[in-house]
Amino acid sequence: TARDSERHVLLFTRTYNLLCFWYVHTKKWPKFDRYTLAQKVFSLLLEIVVKINTAEYMPPLRKRQLLETASPFLDSTKIVVRLTHSLNLIDEPKYIRIENELIEIGKMLGGWIGSLT
């Protein structure tokens, strides 16, 4: 539906922009941290972006199932981002910005899933 398409575009764009922000921010991290924690968050966000994009082309039942599989990736992303903050790899303002984006992405994802019932 047109509403689903709008949800897809907004959610995809928001998640994609966070992925780009994360990539740019972590490029200058120490090598070990870049290849462990930064890469883990990047991989999780990329998986979410791919699931959101793929869901756009699925019938409603399959779309809902696919979007529901994105939620655990989002939860895992929050945990690893929190760890990067605890280890002082990201400062407080960036952490708050990223966490707020993740919360909004979660709300949007939940709203789209809820609309498919």
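Is Glu 104 buried, partly exposed or exposed? Keep that residue in mind, and we will select it at the third stop. One note before setting off: this is a predicted model.

**Stop 1: helix α1**

Start by selecting residues 2-26, which make up helix α1. Put a distance between its end C-alpha atoms and you should read 36 Å, in agreement with the 36 Å that 25 residues should span at 1.5 Å a residue.

Now colour the buried positions of this helix: Asp 4, His 8, Leu 11, Thr 15, Leu 18, Leu 19, Phe 21, Trp 22, His 25 and Thr 26. Turn the view to see what they face: these buried residues pack against α2, α3 and α4.

Zoom in on one of them, Thr 15 in helix α1. Its relative accessible area is 1%, so Thr 15 is buried. What is Thr 15 in contact with, leaving aside its neighbours within four places in sequence? Show Leu 45, Ile 48, Val 49, Ile 52 and Ile 105, and you have the answer.

**Stop 2: the nonpolar core**

Next, bring up the largest nonpolar core, a set of 31 residues. Good members to highlight are Trp 22, Leu 45, Val 81 and Ile 98, which touch the most other members. Four helices each supply at least two residues here: α1, α2, α3 (60-86) and α4. Which helix gives the largest share of this core? That is α2, with nine residues. As general background, nonpolar side chains in soluble globular proteins tend to be buried together.

Stay with Ile 98 for a moment and show its surroundings. Beyond its neighbours within four places in sequence, Ile 98 is in contact with Leu 18, Phe 21, Trp 22, Val 81 and Ile 90.

**Stop 3: salt bridges**

How many salt bridges are there in this model? The count comes to four, and three of them are worth showing as sticks here.

- Select Arg 14 and Glu 101, whose side chains meet in a salt bridge at 2.8 Å, N to O. Arg 14 belongs to helix α1 and Glu 101 to helix α4 (residues 92-115), so this pair ties together parts that are 87 residues apart in sequence. Arg 14 has 30% relative accessibility, which means partly exposed.
- Move to Glu 47 and Lys 51, joined by a salt bridge at 3.6 Å, N to O. Both are in helix α2 (residues 31-55), four residues apart, or about one turn of the helix. Their accessibilities make a nice contrast: Lys 51 counts as buried at 11%, whereas Glu 47 counts as partly exposed at 30%.
- Then pick Glu 104 and Lys 107, where the salt bridge is 3.5 Å, N to O. They are three residues apart in helix α4, and about one helical turn separates them. Here is the reply to the opening question: at 27% relative accessibility, Glu 104 counts as partly exposed. Its partner Lys 107, at 54%, counts as exposed.

**Stop 4: aromatic rings**

Now switch on the aromatic side chains. The whole structure holds three aromatic pairs. One of them is Trp 22 with Trp 29, an edge-to-face pair whose ring centres are 5.5 Å apart, with 75° between the planes. Trp 22 and Trp 29 are both buried.

Another pair to select is Tyr 23 with Phe 42: the ring centres are 5.9 Å apart and the planes stand at 55°, so this pair is tilted. Tyr 23 is in helix α1 and Phe 42 in helix α2, so a link forms between distant parts of the chain, 19 residues apart. Both rings have some exposure to find on a surface view: Tyr 23 is partly exposed at 45%, and Phe 42 is partly exposed with a relative accessible area of 24%.

**Stop 5: Phe 21 and its charged neighbour**

Finish back on helix α1, with Phe 21. Which residue lies over the face of the Phe 21 ring? Select Arg 97, at 4.1 Å from the ring centre. Setting aside residues up to four places away in sequence, Phe 21 touches Lys 94, Arg 97 and Ile 98.

For a last distance, select Asn 88 together with Phe 21: they are 18 Å apart in space, C-alpha to C-alpha, and 67 residues apart in sequence.

Definitions and conventions. Residues are numbered from 1 along each chain as its sequence is written. This is a predicted model: local features need pLDDT of at least 70, side-chain atom pairs count only at pLDDT 80 or more; totals for chains, interfaces and linings use all residues. Side-chain values use heavy atoms; hydrogens and water are left out. Buried means under 20% relative accessible area, exposed over 50%, partly exposed in between (1.4 Å probe, protein chains only). Rings of Phe, Tyr and Trp (its six-membered ring) pair if their centres lie within 6.5 Å; planes under 30 degrees apart count as stacked, over 60 as edge-to-face and the rest as tilted. A charge sits over a ring if NZ of Lys or CZ of Arg is within 6 Å of the ring centre and within 35 degrees of the ring normal. Contact means heavy atoms within 4.5 Å. A nonpolar core is a set of buried Ala, Val, Leu, Ile, Met, Phe, Trp, Tyr and Cys residues joined through side-chain atoms within 4.5 Å. The expected span of a helix is 1.5 Å times one less than its number of residues.
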